Amino acid sequence: MDLIDVIKQVAEQIQTAPPVLLIIFALNGLGLLLKKTALPNRLIPSTLCVIGIATTVLTLPLPSGRNPQVILGVMGFLFAVVAWLFHLTLLRRLEKFIPGFAEDEPPPKPPTP
């Protein structure tokens, strides 16, 4: 099996995956990226909640019934909470194996002239 075949299979699986899973995994990836920025860790969950709400409202089809935007907003908030819980239960344990994400890693020293 070639690398191209593997990439095609992964792309097909991503295209057929439910949008909910894609949103949750995208929020987890974005959270890891935000962790490496100047944004404090305490602001990352609330930022991801806002992004989860906006992403859900903009990408998912409107449900029938009263106040469909509110329903999608609540769903987006719940997706962000699920992504946060996924991070707490699994990804936090795996961060120590990812270079540059370990909590006990000392900050790099500035170069001496």
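A residue counts as buried under 20% relative accessible area, as exposed over 50%, and as partly exposed in between. The model used in these exercises is predicted.

**Exercise 1. Decide whether Val 10 is buried, partly exposed or exposed, and describe its surroundings.**

Step 1. Val 10 lies in helix H1.

Step 2. Its relative accessible area is 40%, so Val 10 is partly exposed.

Step 3. Val 10 belongs to a nonpolar surface patch, together with Leu 3, Ile 4, Val 6, Ile 7, Ile 14 and Leu 22. The accessible area of the patch comes to about 610 Å².

Step 4. Helix H1, residues 3-16, supplies the largest share of this patch, with six residues.

**Exercise 2. State which elements make up the protein and how much of the protein is buried.**

Step 1. The secondary structure consists of four helices and zero strands. Read from the N terminus, the order is α-α-α-α.

Step 2. The protein has 113 residues, and 23% of them count as buried.

Step 3. About 8500 Å² is exposed, and 70% of that comes from carbon and sulfur atoms.

Step 4. Among contacts with a separation of 6 or more, 48% join residues 24 or more positions apart.

**Exercise 3. Compare the span of helix H2 with the expected one, and find what covers its buried residues.**

Step 1. Helix H2 covers residues 19-35, which is 17 residues.

Step 2. From first to last C-alpha, H2 reaches 24 Å, close to the 24 Å expected at 1.5 Å a residue.

Step 3. The buried residues of H2 include Ile 23, Ile 24, Leu 27 and Asn 28. Further along, Gly 31, Leu 32, Leu 34 and Lys 35 are also buried.

Step 4. The cover over these buried residues includes H3 and helix H4 (68-94).

**Exercise 4. Name the residues of the largest nonpolar core and the elements that supply it.**

Step 1. The largest nonpolar core has twelve residues: Ile 23, Ile 24, Leu 27, Leu 34, Ile 44, Leu 48, Cys 49, Leu 60, Leu 72, Phe 79, Ala 80 and Ala 83.

Step 2. H2, H3 and H4 are the elements that each give two or more residues to this core.

Step 3. One core member, Cys 49, is in contact with Phe 77 and Ala 80 when neighbours within four places in sequence are left aside.

**Exercise 5. Work out how Thr 56 and Leu 72 are placed relative to each other.**

Step 1. Thr 56 is in helix H3, residues 44-59, while Leu 72 is in helix H4.

Step 2. Thr 56 has a relative accessible area of 0%, so Thr 56 is buried. Leu 72 is at 1% and therefore counts as buried.

Step 3. The two residues are 16 apart in sequence, and their C-alpha atoms are 6.1 Å apart in space.

Step 4. Beyond four places in sequence, Thr 56 contacts Ile 23, Leu 72, Met 75, Gly 76 and Phe 79. With the same exclusion, Leu 72 touches Thr 56, Val 57, Leu 60, Pro 61, Leu 62 and Pro 63.

**Exercise 6. Classify His 87 and Asn 67 as buried, partly exposed or exposed.**

Step 1. His 87 is in helix H4. At 17% relative accessible area His 87 is under 20%, so this residue is buried.

Step 2. Outside its neighbours within four places, His 87 is in contact with Asn 28, Arg 92 and Glu 95.

Step 3. Asn 67 sits in the loop between H3 and H4. Its relative accessible area of 49% makes Asn 67 partly exposed.

Step 4. Phi of Asn 67 is near 50 degrees, which is a positive value in a residue other than glycine.

Note on methods: Residues numbered from 1 in each chain as written. Predicted model: local features only at pLDDT ≥ 70, side-chain atom pairs only at ≥ 80, totals over all residues. Heavy atoms only, no water. Buried < 20%, exposed > 50% of the residue type's maximum accessible area, 1.4 Å probe, protein only. Contact = heavy atoms within 4.5 Å. Expected span 1.5 Å × (residues − 1). Patch = residues over 30% accessible without salt bridge, like charges linked within 9 Å, V, L, I, M, F, W, Y side chains within 5 Å. Areas by Shrake-Rupley, 256 points an atom, 1.4 Å probe, with all protein chains shown as cover. Salt bridge = Lys/Arg side-chain N within 4 Å of Asp/Glu carboxyl O. Core = buried A, V, L, I, M, F, W, Y, C linked by side-chain atoms within 4.5 Å.
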